Amino acid sequence: MFIFAFALYCSALPQYRPLFEKFTKTFNKSYADVAEYEYRFKVFVENSLYIEDYNSKSNNVKLGMNHFGDLSYAEWRRTHVGCYQSAKNRELNIVELDESNVPADTVDWRSKGAVTGVKDQGQCGSCWAFSTTGAVEGIGKIAGGALVSVSEQELVDCSKNGNNGCGGGLMDYAFQWIVQNGGLCSESDYPYTARDGTCRKSSCQSVASSKIKGYQDVARNSESQLKVAVSRQPVSVAIEADQPAFQFYKSGIFSGACGTNLDHGVLAVGYGDNYWIVKNSWGASWGDQGYILLAMGMNGNAGECGIAIEPSYPTM
């Protein structure tokens, strides 16, 4: 098996040279020296072969090359997941939602103008901040304010009430901090740097539509309760996103083997008959223009990748 795999890899090298050149130009990649260039090319070929093999066996979900193409699975997993801290004492903040009048068809908050463009957390474990800002931006617009992109960096630098900047955090803690702070600065006034910095929240004024009153947790392990919440506004959710297929997900309803060890904060912005629409923070070249569809009714009560375990949303 090893000899066959090695032979396949070697025979593939020449045909992938022009593809790698195109990849480096498309994503503005540069490397320190020839040795690093050759190592990244080797990783690119291995990833390309993985994508092709996966697609040949899958009728639904398709993978595609993206800006993670020169990262090994171990490197990608180390730099882009593991940024979520599990919630504590969330049962004290749960409100039972009325399931009697929930839209049965598709809900998509993007089409209603309540979702900002896809962002990119880079190699910083700040997924929790992006999930938080997406939820705040959404409810601010729904409540009658303007749709304004607000600052993840302010949360990374300033929200230290249990959060740890690029070292990970929790959306509930971030919501608490926003309430205490009286809102968030705009993205343009406090731009994202993808690294921990010194808090400078006093240098800009909070956006009116980001001034939330509080937050609520959705009942654990209930997709029906999550559906009610998402029908009303974008909802912060956590998933286990460390599956190899996540690195290069491109399209289709993801329903593969998926655990419940929550390691990544994302945003549920809608649903269809049998899937959740989820906004990620890995840039628009990842997934379906930055989004993934996760299957409903999978993985027991926890939902696909644990999406129904710890949802929460801000209130106004």
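**Disulfides, strands and cores at a glance**

C158 counts as buried, at 9% relative accessibility; here buried means under 20% relative accessible area, exposed over 50% and partly exposed in between, with a 1.4 Å probe and protein chains only. A word on the model before the tour: it is predicted, so local features need pLDDT of at least 70 and side-chain atom pairs count only at pLDDT 80 or more, while totals for chains, interfaces and linings use all residues. Residues are numbered from 1 along each chain as its sequence is written, and side-chain values use heavy atoms, leaving out hydrogens and water. Helices (H or I, at least four residues) and strands (E, at least two) are DSSP runs, numbered from the N terminus.

**Disulfides**

- The structure has 5 disulfides, each being a pair of cysteine sulfur atoms within 2.5 Å.
- If you number the bonded cysteines of the protein chain in sequence order, the pairing reads 1-3, 2-5, 4-7, 6-8, 9-10.
- One of these links joins C124 and C166, with 2.0 Å between the sulfur atoms; its S-S torsion of -95° makes the link left-handed.
- C124 sits in the loop between strand 2 (107–108) and helix 4 (127–142), and C166 in the loop between helix 5 (152–158) and helix 6 (171–181), so this disulfide ties together parts that are 42 residues apart in sequence.
- C124 itself is buried, at 1% relative accessibility.
- C158 is bonded to C199, with an S to S distance of 2.1 Å; the torsion about that S-S bond is about 100°, so the disulfide is right-handed.
- C158 belongs to helix 5 and C199 to the loop between helix 6 and strand 3 (214–217), so the pair ties together parts that are 41 residues apart in sequence.
- While C158 is buried, its partner C199 is partly exposed, with a relative accessible area of 35%.
- C185 and C204 make a further disulfide, again given by its S to S distance, 2.1 Å, and the 95° about its S-S bond makes the link right-handed.
- C185 and C204 lie 19 residues apart, each in the loop between helix 6 and strand 3.
- Both of these cysteines, C185 and C204, are buried.

**Strand 9 and its neighbours**

- Strand 9 (residues 291–295) is mostly covered, with 4 of its 5 residues buried.
- Two strands pair if DSSP finds at least two bridges between them; strand 6 (residues 253–254) pairs with strand 9 in the parallel sense over 2 bridges.
- On that side, F254 has L294 as its bridge partner in strand 9.
- Strand 8 (residues 275–279) pairs with strand 9 in the antiparallel sense over 5 bridges.
- W276 also has L294 of strand 9 as its bridge partner.

**Nonpolar cores**

- In soluble globular proteins, nonpolar side chains tend to be buried together.
- A nonpolar core is a set of buried Ala, Val, Leu, Ile, Met, Phe, Trp, Tyr and Cys residues joined through side-chain atoms within 4.5 Å.
- The largest nonpolar core holds 76 residues, and F246, F254 and L294 have the most contacts inside it.
- Helix 6 supplies the largest share of this core, 6 residues.
- Leaving aside residues up to four places away in sequence, F246 is in contact (heavy atoms within 4.5 Å) with residues including W76, I239, F254, W282, W286, I292 and L294.
- Another core, of 7 residues, lies apart from it, with Y16, F20, Y31 and F41 among them.

**Aromatic pairs and charges over rings**

- There are 19 aromatic pairs, where rings of Phe, Tyr and Trp (its six-membered ring) pair if their centres lie within 6.5 Å, and planes under 30 degrees apart count as stacked, over 60 as edge-to-face and the rest as tilted.
- F20 and Y31 form a stacked pair, at 6.2 Å centre to centre and 10° between the planes.
- F20 lies in helix 1 (residues 2–26) and Y31 in the loop between helix 1 and helix 2 (34–57), so this ring pair ties together parts that are 11 residues apart in sequence.
- F20 is buried, with a relative accessible area of 0%, and Y31 is buried too, at 18%.
- Ring pairs join F20, F23, F27, Y31, Y37, F41 and F44 into a cluster.
- R17 places its charged end over the ring of F41, 3.9 Å from the ring centre; the rule asks for NZ of Lys or CZ of Arg within 6 Å of the ring centre and within 35 degrees of the ring normal.
- The charged end of R200 likewise sits over the ring of Y190, 4.1 Å from its centre.
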